[in-house]
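Me: Could you walk me through how this chain packs together? I'd like to go residue by residue where it helps.

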Amino acid sequence: MIAAVLLAALSAPAFSFQSDSSLVFQGTGISFGLGQSVTAPLTFDRRKAAEGGMIFAAARLDPGDFKAAAASAGLLLTSGSPLGASAAAARARHIPAVLI
């Protein structure tokens, strides 16, 4: 089952279920994209993410992930830092990204 996910930048990492069965991830904003919240299906599969319109979840961006990241509606990363390579790549491409 693919849940809709909302990325929100806050100071304390957290996640919660909403009444409409969506999952909200809140973490450190490492790229604000174009400045809006993102609600989209979540995928861990880089091939699905490369098709576009999905939030790509990964520990970090590897070189093979950049095509998927560029087509994604947002990124959900679990490791790295706001100054790391994954964050810099997201900012350069104006992709909203959260580090949880």
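Reply: Sure, one term up front: buried means under 20% relative accessible area, exposed over 50%, and partly exposed in between (1.4 Å probe, protein chains only). This is a predicted model, where local features need pLDDT of at least 70, side-chain atom pairs count only at pLDDT 80 or more, and totals for chains, interfaces and linings use all residues. Residues are numbered from 1 along each chain as its sequence is written, and side-chain values use heavy atoms, with hydrogens and water left out.

Me: What is the relative accessible area of Phe-56?

Reply: Phe-56 is found in strand S5 (helices, H or I with at least four residues, and strands, E with at least two, are DSSP runs numbered from the N terminus). Phe-56 counts as buried, because its relative accessible area is 2%.

Me: Which residue ten places along the chain has its C-alpha 7.2 Å from that of Phe-56?

Reply: Leaving aside neighbours within four places in sequence, Phe-56 is in contact (heavy atoms within 4.5 Å) with residues including Thr-43, Phe-44, Leu-61 and Leu-75. The one whose C-alpha atom lies 7.2 Å from that of Phe-56, ten residues apart along the chain, is Arg-46.

Me: And Asp-65, is that buried or exposed?

Reply: Asp-65 sits in the loop between S5 and H2. Beyond its neighbours within four places in sequence, Asp-65 is in contact with Arg-46, Phe-56 and Arg-60. With a relative accessible area of 4%, Asp-65 is buried.

Me: Which members of the largest nonpolar core touch the most other members?

Reply: A nonpolar core is a set of buried Ala, Val, Leu, Ile, Met, Phe, Trp, Tyr and Cys residues joined through side-chain atoms within 4.5 Å. The largest has 14 residues, and the elements giving two or more residues to this core are S5 (55–58), H2 (66–71), S6 (74–77), H3 (85–92) and S7 (96–99). Those touching the most other members are Ile-30, Phe-56, Leu-61, Leu-75 and Leu-77.

Me: Within what arc do the buried residues of H3 fall?

Reply: In H3, the buried residues are Ser-86, Ala-87, Ala-89 and Ala-90. Seen down the axis of H3, they line one face of the helix, because their arc (directions from the helix axis to the C-beta atoms) is within 160°.

Me: Which exposed residues does the other face of H3 carry?

Reply: The buried residues of H3 pack against strand S3 (23–32), H2, S6 and S7. On the face turned away from that buried side, the exposed residues are Ala-85 and Ala-92.

Me: Which residue following H3 has a positive phi?

Reply: Look in the loop between H3 and S7. The phi there is near 55°, a positive value in a residue other than glycine. The residue is His-94.
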